[in-house]
Amino acid sequence: MSLAPSDVTAPDGPVADGVRPATAPSHVGLADDVLERLPGMDARWSRYVDVPDTDGTSDAAERSTRRWHVLDNRVDPSGPDGQGTVLAVHGNPTWSYLWRRLVAAAPPGWRVVAVDQLGMGFSERTAPRTLAQRVDDLGALTAALGITGPVVTVAHDWGGPVSLGWALAHREQLRAVVLTNTAVHQPAGSAAPGLIRLARTPGIRQLSCVVTPTFVRATTALSRPPLPAPVRDAFAAPYDSVSRRVAVGDFVADIPFEGEHESAGTLDTIAEGVRHLDVPALLLWGPRDPVFTGVHLADLRERMPHADVHRYEGASHLVVEDAPRAVDDAWRWITATVERPLPDATSTVERPLPDTHAPLWQGLLDRAGDPATAVVELGGEGRRIGFDLLEQRVRDLAAGLVLHGVRPGHRVALLVPPGADLTLAVYACWQAGASVVVADAGLGLRRMGRALRGARPDHLIAIDRGLAAAAAMRVPGARVVSGPRLPRAVERALGVTASVGELVDAGRRRPDVVPTPRGDDAECAVLFTSGATGAPKGVVYRGRQLRAQLAALRATYGLTADDRLVAAFAPFALYGPALGLASAVPDMDVTAPATLTATALADAVAAVEGTVVFASPAALRNVVHTASSLTPQHRSALAGVRLLMSAGAPVPASLLHEVAALVPRARLHTPYGMTECLPVADISLAQIDAAGHGDGVCVGHPVPGVTVALSALDADGRATGALADATGTTGEICVRADHVKDRYDQLWATEADSSRDHGWHRTGDVGHLDDDGRLWVEGRLVHVVTTADGPLTPVGPEQRVEAVGDVALAAFVGVGPVGTQQPVVVVTTTDGARHGLADADLARAVRGAAAVGVAAVLVTDRMPVDIRHASKIDRARVARWAERVLAGERVGRP
């Protein structure tokens, strides 16, 4: 029996003249009960519509009809509660089933019509249709259905150009556009999708698309994770015979790769028309799509610069299948967009006043001509550069970058180790009006590649190893080598077009080249998070926000021109010149914080007579472990440090006390913050000791200019409460400050979540305020354990368990469904016990220390931690491991 939707009598609702639910024509071969067997489908959505054929005579009365199949929830958008209509268009070789979740999730007042294009799905089979005909076909259908405005189009694959063609022809009805993994143009210099080129080869096209279901089945095979077999079968249901797959091959043949192709002109018209489609737009994207890749997304963003974007890491071609939350995100965006009033076309736009703020490199300008040391590199050649030379080279390189094609607003990715070269590149890019993209090697090669590809840099400045890595990671952008020129054959292979030295020389010879200044509100940096609780996120900063961050650091820690900075954490290596401070980077592997030794730290301090040190907890731990190698000269240099800061993960007071013995005159502080906002709060070692023990890590009072509030947790551990500063209430930590990030890059839904309280950033951390107004961090929101008795945060129990004599490290996680999770503690021990259940004595001690009910205690010899800080435990991974162990599986370490 052919899987096909049954004919269903329509409930009461808007039905235009000539539109009727109908018994399907015999060639469709329907069975009444089939649609109900397709996962996620509601048979009541199915209907058939007779529509005048756009190929017929101009006399409508004589025109023949075509029968369309659509999914239609038949809500009346013109009623008192009506909102509008969503018109959903599939591509090839899917059908309206792709939009079943969109129909099911429709908010009240929204009509959803998901079409089966002619020849596709369960619509009538026809002669081949060109792109222009498909656009006209869709217009005839919406007219027959009586669809008026406001309309939001939603489309995928080659449904994108069809829906955009309809949008351009029905501008008066159009309210917004949503596109998922599609394209309207093949950018110059990029190859057309290999899978489509192969399928389009005449002999192969007939065999793979029509004679066999290879193309149909291959499309759903692209999904990651793999789709369930019943869902793949449902997608293939309308294409269960050769005669029903003819249009699949026709659709492929109609892709206009050649300029003389019949549909090329129509596609070009649509592609150019999109530039003037001034309605809200949303691009939802699966980055692992081998068909519509990053170049197609970049092309759409160039044509629709106002569009919101969300990339679902790990998702492929069928993004709404691979990332089902995309449907909820789409509806959230649609409802917010339609409810927002359209701008008044007659109103005048107030132009912003010229920027009068000092640039980010003002600290460098203030010391122009000063031969005093600006940057020292330890290790390698051990270079030292003065402020005078650094300022001159930054100015020359900025001019050289402009001559090389760097324009205001361009993004420049930097794969250069911390030190003089990175400092030079960052400040020159800013002077040239570009935005820097920094995804440090601490992310790991795979994640760094995803981050950089997603950011779509226009240019790349990298050392030789960085260029090789960028080639392997398929990072876009024109290549500039930092350091000596490479052999010509190597440079050709890596796409190198210039060196930093050559650009500096070129800029020095052209003092007339003055980079175009950008306003204080312009984007200046994309900085990536560590990805400790998910994929790294690109955090976008504007100039005013970074400048506010520098001001907050200067005010909080009393930094003056007399200070010298030692940065053992890569991002902080860039702050020195902006603050007008000499800085040094210790001899260490910045991708592995634990490689910082006590002697390397002391050498860096001595090199600049450092007064301020910033290092991660993992780095400090190894400094303490290697302190026995310090000479009297090393200890004398460390005695000159007045301030030591450590952040990135909780810093145990015991570790700080050990560090204090090495820097006897220093105040030890642990700033609390994140890539999105630093600093948020601050606490000194003396204040940590005074705070005593509590349920979490005390991070002190908010720094000046920062306001902290909490959003209380519900029974399922979700932060749903209104923002409040009540003491004793555990909730998501929310912050407001001038130095909070601008947005997440191409993560519209994530940004909408984090900033849903206007002017506030939801950090994803959970904690509470005590009676003294101090902030305590209790863990990450995604790591809250949701038991039947309510949510439990992990840090407090972990701290108490780590006080047990044999325990080195603890992770408090939940196993089981949300709302009924069982708390489990996983520990590493000082004797390096192997994996499995803890022995009775250890389990008893852990349960007693946790002070909450613990279902099981497990042991492993190593915890999974993030690469950048080597401190943040991946509790989600530990929870998955614990669940498998408790299920009796034989597994290795988490």
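Leaving aside its neighbours within four places in sequence, which residues is Arg311 in contact with? Let's keep that one in mind while we look around. Just so everyone knows, this is a predicted model.

Okay, the overall layout. The domain assignment splits the protein chain like this: domain 1 takes 32-189 + 258-339, domain 2 takes 356-585, and domain 3 takes 784-893. If you look at domain 2 and domain 3, their C-alpha centres are 41 Å apart.

Now back to Arg311. You'll find Arg311 in strand β8, which covers residues 308-311. Arg311 is buried, and its relative accessible area is 13%. The side chain of Arg311 makes a polar contact of 2.9 Å with the side chain of Glu313. And here's the list I promised: beyond those neighbours within four places in sequence, Arg311 touches Trp285, Pro287, Leu297, Arg450, Gly454, Gln746 and Leu747.

Next up, the cysteines. How many disulfides does a search of the whole structure find? Zero. Why does Cys677 have no bond to Cys734? Well, Cys734 holds the closest cysteine sulfur to that of Cys677, but the two are 12 Å apart, so that's too far for a bond. Remember, the cut-off for a disulfide is a pair of cysteine sulfur atoms within 2.5 Å.

Cys698 tells a similar story. For Cys698, the closest cysteine sulfur sits in Cys677, at 18 Å, and that's too far for a bond as well.

And are these two buried or exposed? Cys677 is buried, with 0% relative accessible area. Cys698 counts as buried too, at 8% relative accessibility.

Key. Residues numbered from 1 in each chain as written. Predicted model: local features only at pLDDT ≥ 70, side-chain atom pairs only at ≥ 80, totals over all residues. Heavy atoms only, no water. Domains from an automatic or database assignment. Buried < 20%, exposed > 50% of the residue type's maximum accessible area, 1.4 Å probe, protein only. Helix = DSSP H or I, 4+ residues; strand = E, 2+ residues; numbered from the N terminus. Polar contact = N/O pair within 3.5 Å; in protein donor to acceptor, adjacent residues only side chain to side chain. Contact = heavy atoms within 4.5 Å.
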